[in-house]
2 protein chains.
Amino acid sequence: MRVDGKPYRTVWLDADGWSVWIIDQVLLPHAFKLRRLTKMEEVAQAIFAMQVRGAPLIGVAAAYGLCLAMREDPSDQGLSRAGATLSAARPTAVNLRWAVEQVQRALMPLPPSGRASAAYGLAAQLAEQDVEVCRRIGEHGLGLLRARHEQLGCPAVLNVQTHCNAGWLATVDFGTALSPIYQAHDAGLPLHVWVDETRPRRQGLLTAWELGQHGVPRTLSADGAAAHHLQRGRVDVCIVGTDRTTARGDVCNKIGTYPLALAARAHQVPFYVALPGSTYDGSLQDGVREIPIEERDGNEVRQAQGLLPSGELATISLAPESLPVANPAFDVTPAELVTGYITEHGVLTRAELGRLGGGGP
Amino acid sequence: MRVDGKPYRTVWLDADGWSVWIIDQVLLPHAFKLRRLTKMEEVAQAIFAMQVRGAPLIGVAAAYGLCLAMREDPSDQGLSRAGATLSAARPTAVNLRWAVEQVQRALMPLPPSGRASAAYGLAAQLAEQDVEVCRRIGEHGLGLLRARHEQLGCPAVLNVQTHCNAGWLATVDFGTALSPIYQAHDAGLPLHVWVDETRPRRQGLLTAWELGQHGVPRTLSADGAAAHHLQRGRVDVCIVGTDRTTARGDVCNKIGTYPLALAARAHQVPFYVALPGSTYDGSLQDGVREIPIEERDGNEVRQAQGLLPSGELATISLAPESLPVANPAFDVTPAELVTGYITEHGVLTRAELGRLGGGGP
């Protein structure tokens, strides 16, 4: 998508054909800085420090990390060491381990001398696959937004509510929940997006930043305000992403998604989930009972990061360290609250989710 | 209530019999500092700067401001000038104007020489009235919490969810929504309180601070996490405050209250509103249509205040000033979602609200 009018992806090869560029997302929305990575360890560090984030993106970034590793030490030992280092950068990220294992398995049978170039081919393929999945989600979602716009009698603006960041910053390009929005905007459908701040990590600021850079009108508000907007008729459709969706359609996504779905239902506003097939987990049924919810460091709630008047980035303490904090990272929205699932294969009902096949990414 | 083991109110007379003490709430939860006010202008400034906040408290503080003014200039002109200055400190605060007018009306017929001592009597009376209303709300709420505890088979802990700060810091003592909690805790009922952060102004931090100082176990979480706690069965009862409640029982309260009420309903958890009679507005019916919602400065969402590692208080920017922000301060919870109203006259149903009589404070 565009930044300052120029098209970008979140990860790409340099013109030199081997070094890797990323956007340092830790600095967003305060500063847009690119980083060139030349060693596997730098990729692992970028993943660990969340300079790259979002399940699909860190998988692709890790694949490029293996490329850099193979340039330095393409031995069997070098390959397993690099895989272990990269996987350890975010121990709970399923996509990360999956991408690393996928590339490792493909390289292992090859002679060391051929591994680096094969790795670059695999990484590029993973990146293109992700872009294509997101592009298709956008295409199917566009149809849905067009239909909703017509259903409402073609209002001057179609208001879309989203939560967290399921945009291009979390993928290689386009995003999942935001892909339909970008396609609709580019197709001339008049859109405005309500962006939840998404406490505690405020991924809404990334969403607001990327939408703004691409020219999509958007407004940020506190998470608690979304139900009020819905009650006042200011929202025509909700679209969110998902980290994991069960066979019966229960949706695990960023904390705060479930109350949004409840409010959408209370006001009969359609609630869609953008779902890459890789996040469908057919091995689970009851999301509330079966999906373990990650409990994260309470300092994410107690502290905040931002710019001082001097322009310097600083972390401040909002509440004392001694204050007990609960910080569940995700919640589960029961399938009954979901109007439909926007996948790369079309917009599916819960009954049709089985088409996505197996389990995990 | 207690702070560091010592009982406090939020406003009180010094032992000298004329100067006024307040807790500087702007510094909470970072520092507990008291301020002695000796001039009407200092009281107006403390109200303006939100060193004292909460509708009942600023009304009483303003009454003490008139006392200080009458010591300096008890003329008719002095009385109207002081009233105007104090009322202007928070132009939208209904309680503030009401308290000022109440005291002005009582003083005007008196000879100037008698006004100061009469003012002190009136201010003390307003303070005691507020304490008594809150105490009674606590008493009736205690019965309700006891009944809920028994209804659930006397669990080891009764979990209460609240939103915003309707505690003693917003009143003279006890609070409204928190008064039942303090009384229950003091009576030995085993309680734990889930405290919503309450973005954007984070009044939850005040709630967590005052509960902690009084020894009530509590846990803070992001607003978006409350529905998750309810879904997981971690909440037994919700109690919130209200800024204004209509004849049919629609509740205007801090933004984020409505989604909490929706989530409580989804999980059949009782949702109570603590309601001093003064906030009942019998002249309104449909809260969603009739109550204007204050839209506040977007910088409340874009910025955050807290302590730097150096211990210095600082304001940081979370999002650029150019980012459009919607910042509605309140929302309206329809009466259908409210289980009952805890008033100084008992726990009322919506049908019984009419007993509270007229309109406004």
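**Exercise 1. Backbone geometry in two loops**

Locate B:Asp4 among the secondary-structure elements of chain B, and state what sign its phi has.

Solution. In this predicted model, the first step is to place the residue: B:Asp4 belongs to the loop that runs between β1 (2-3) and β2 (6-7) of chain B. The second step is to read its backbone angle, and here B:Asp4, although not a glycine, shows a positive phi of about 50 degrees. The general background is that most residues other than glycine have a negative phi, and that most peptide bonds are trans.

Continue with the peptide bonds: which residue pair of chain A is joined by a cis peptide bond, and which pair of chain B?

Solution. In chain A the cis bond joins A:Arg199 and A:Pro200, with omega at about 5 degrees, and A:Pro200 is placed in the loop between β7 (191-196) and α7 of chain A. In chain B a cis bond joins B:Arg199 and B:Pro200, again with omega at about 5 degrees, and the loop that holds B:Pro200 lies between β7 (191-196) and α7 (204-213) of chain B.

**Exercise 2. Salt bridges**

Determine how many salt bridges are found over all chains and how many of them are counted between chain A and chain B, and then examine one example of each setting.

Solution. A search of the whole structure gives 39 salt bridges over all chains. Within chain A, one pair is A:Asp76 with A:Arg115, whose closest N and O atoms are 2.8 Å apart. Because A:Asp76 lies in helix α3 (residues 76-87) and A:Arg115 in helix α5 (residues 112-151) of chain A, this pair ties together parts that are 39 residues apart in sequence. Between chain A and chain B the count is two salt bridges. A salt bridge also joins the side chains of B:Glu197 and A:Arg199, at 2.5 Å from N to O; A:Arg199 is also a partner in the cis peptide bond with A:Pro200.

**Exercise 3. The interface between chain A and chain B**

Describe the extent and composition of the interface, beginning with how many residues of each chain are in contact.

Solution. On the side of chain A, 56 residues are in contact with 56 residues of chain B. The area buried between the two chains is about 4200 Å², with carbon and sulfur atoms giving 66% of that area. A:Gln231, A:Ile316 and A:Leu318 together supply 13% of what chain A buries against chain B, more than any other three residues. The interface also counts 16 residue pairs in polar contact, both at pLDDT 80 or more. Of the elements of chain A that each supply at least two residues to the side touching chain B, α8 (226-231) and β15 (313-317) are among them, while α9(A) makes the largest share, five residues. By class, that side of chain A has 36 nonpolar, 14 polar and six charged residues.

**Exercise 4. Crossing helices**

At what angle do the axes of α9 of chain A and α9 of chain B cross, and which residues make the contact?

Solution. The axes of the two helices, residues 257-266 in each chain, come within 9 Å and cross at roughly 85 degrees, which means that α9(A) is roughly perpendicular to α9(B). The contact is made by A:Tyr258, A:Leu262, A:Ala263 and A:Ala266 on α9(A), and by B:Tyr258, B:Leu262, B:Ala263 and B:Ala266 on α9(B). Sorted by class, this contact has eight nonpolar residues, with no polar and no charged ones.

Notes
Residues are numbered from 1 along each chain as its sequence is written. Chains are lettered from A and ligands numbered from 1 in the order in which they are written. This is a predicted model: local features need pLDDT of at least 70, side-chain atom pairs count only at pLDDT 80 or more; totals for chains, interfaces and linings use all residues. Side-chain values use heavy atoms; hydrogens and water are left out. Axes are lines fitted to C-alpha atoms, for helices over the stretch in contact, and angles run from 0 to 180 degrees between N-to-C directions. Helices (H or I, at least four residues) and strands (E, at least two) are DSSP runs, numbered from the N terminus. Angles under 35 degrees count as roughly parallel, over 145 as roughly antiparallel, 65 to 115 as roughly perpendicular and the rest as oblique. Contact means heavy atoms within 4.5 Å. Ala, Val, Leu, Ile, Met, Phe, Trp, Tyr, Cys and Pro count as nonpolar, Asp, Glu, Lys and Arg as charged, and the others, Gly among them, as polar. Buried area is the accessible area (1.4 Å probe) that two parts lose on being put together, summed over both. A salt bridge is a side-chain nitrogen of Lys or Arg within 4 Å of a carboxyl oxygen of Asp or Glu. A polar contact is a pair of N or O atoms within 3.5 Å; within protein, one must be able to donate a hydrogen and the other to accept it, and residues adjacent in sequence count only if both atoms are side-chain atoms.
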